[in-house]
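Me: I should be grateful for a close look at one part of this structure, namely the pair of helices towards the end of the chain and the charged side chains on them. Please set that part beside its surroundings as well.

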Amino acid sequence: MSPQDIVVLLKIITYGNAEWYQDQLADTLNISQSEISKSLKRSKFAGLIDVSGKKVFKMALIEFLQYGIKYVFPVQPGGLIRGVPTAHSASPLSNSIVSDEHYVWPYGKGELRGQAITPLYASVVVAVQNDKKLHELLALVDALRVGRAREKEIAIKELKDRIFNNNTNLDKRQLLL
């Protein structure tokens, strides 16, 4: 797995049931088509996406995010810098967690000053500018990577809600891991 694989899978989640194409993913994420193709192959091998490369195995993704993301793609907050809010500093967690400590992805045109968090993939800072759903999903993942117990608990509940909200066949009881 590579960090951009998580970004690609989360972007696919944002499409819901809408049809999408690899070139569309590449354009919206600012990742080359060859990297998208490699990413999908790695995700198939890891069991996070079906053989067609179109359907994310949502429960497997949630399990990986909940239990593995902080070990596979760890992050240490850096120095104070201007950037794009992430983790508990971004929506939806910023609505329920009040903190004087902010986390940001470094970005010169950013609106918030906080501790630098390296994004899963450098291009996400630009990709989320016009994609609120993706920004929220990535911020929640960052909360799992860097957050405290309470933040992680809220983040995983929010991720489950967002990842499963398009799946009408899923029994809500399955969301309780």
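Reply: What follows describes the pairing of two helices and then turns to other places in the chain. The model is predicted, and the description should be read with that in mind.

The part in question consists of helix α7 (residues 132–146) and helix α8 (residues 149–164). The two pack at an angle of about 145°, and their axes lie 9 Å apart. In this arrangement α7 passes α8 in a left-handed crossing. On the α7 side the contact is made by E136, L137, L140, V141, A143 and L144; on the α8 side it is made by K152, A155, I156, E158, L159, R162 and I163. Sorted by class, the residues of this contact comprise nine nonpolar and four charged, with no polar residue.

The charged members of the contact lead to the salt bridges. Side chains of opposite charge can pair when their charged atoms come close. For the model, the count comes to 10 salt bridges. One of them joins R162 to E136, with the closest N and O atoms 3.2 Å apart. Since R162 belongs to α8 and E136 to α7, this pair ties together parts that are 26 residues apart in sequence. E136 has a relative accessibility of 11% and therefore counts as buried, the limit for that class being under 20%.

Two further salt bridges each stay within a single helix. In α7, the side chains of R145 and D142 meet at 2.7 Å, N to O. R145 and D142 are three residues apart in that helix, which is about one turn, and both are buried. In α8, the side chains of K157 and E153 form a salt bridge at 3.6 Å, N to O. Because K157 and E153 are four residues apart in α8, about one helical turn separates them. K157 counts as exposed, at 54% relative accessibility, whereas E153 is partly exposed, with a relative accessible area of 48%. Salt bridges that share partners also join K132, E136, E158 and R162 into one network.

D161 is another residue of α8. The relative accessible area of D161 is 38%, so this residue is partly exposed. D161 and I6 are 155 residues apart in sequence, and their C-alpha atoms are 17 Å apart in space.

D142 also provides a link from α7 to a strand. T86 is placed in strand β1 (residues 80–86) and touches D142, as well as Y103, V104, W105, I117, L138 and A139, when residues up to four places away in sequence are not counted. T86 has a relative accessible area of 0% and is therefore buried.

Beyond T86 one reaches the loop between β1 and β2, in which A87 is found. Phi of A87 is near 55°, a positive value in a residue other than glycine. Most residues other than glycine have a negative phi, and most peptide bonds are trans. A87 is buried, at a relative accessible area of 1%. P92 lies in the loop between β1 and β2 (103–106), and the peptide bond from S91 to P92 is cis, with omega near 10°.

A second helix pair may be set beside the one requested. Helix α1 (residues 3–14) and helix α2 (residues 22–29) pack at an angle of about 110°, with 11 Å between their axes. That angle makes α1 roughly perpendicular to α2, because values from 65 to 115 degrees fall in that class. Here α1 passes α2 in a right-handed crossing. In this contact V7, V8, K11 and I12 of α1 meet L25, T28 and L29 of α2. By class, the contact has five nonpolar residues, one polar and one charged.

The loop between α2 and α3 (33–46) holds N30. Phi of N30 is near 55°, a positive value in a residue other than glycine. N30 counts as partly exposed, at 43% relative accessibility.

To return to the part requested, α7 and α8 meet through nonpolar and charged residues, and the salt bridge of R162 with E136 ties the two helices together.

How values were computed:
Residues are numbered from 1 along each chain as its sequence is written. This is a predicted model: local features need pLDDT of at least 70, side-chain atom pairs count only at pLDDT 80 or more; totals for chains, interfaces and linings use all residues. Side-chain values use heavy atoms; hydrogens and water are left out. Axes are lines fitted to C-alpha atoms, for helices over the stretch in contact, and angles run from 0 to 180 degrees between N-to-C directions. Angles under 35 degrees count as roughly parallel, over 145 as roughly antiparallel, 65 to 115 as roughly perpendicular and the rest as oblique. A crossing is left-handed if the near helix is turned anticlockwise from the far one by less than a right angle, and right-handed if clockwise. Contact means heavy atoms within 4.5 Å. Ala, Val, Leu, Ile, Met, Phe, Trp, Tyr, Cys and Pro count as nonpolar, Asp, Glu, Lys and Arg as charged, and the others, Gly among them, as polar. Buried means under 20% relative accessible area, exposed over 50%, partly exposed in between (1.4 Å probe, protein chains only). A salt bridge is a side-chain nitrogen of Lys or Arg within 4 Å of a carboxyl oxygen of Asp or Glu.
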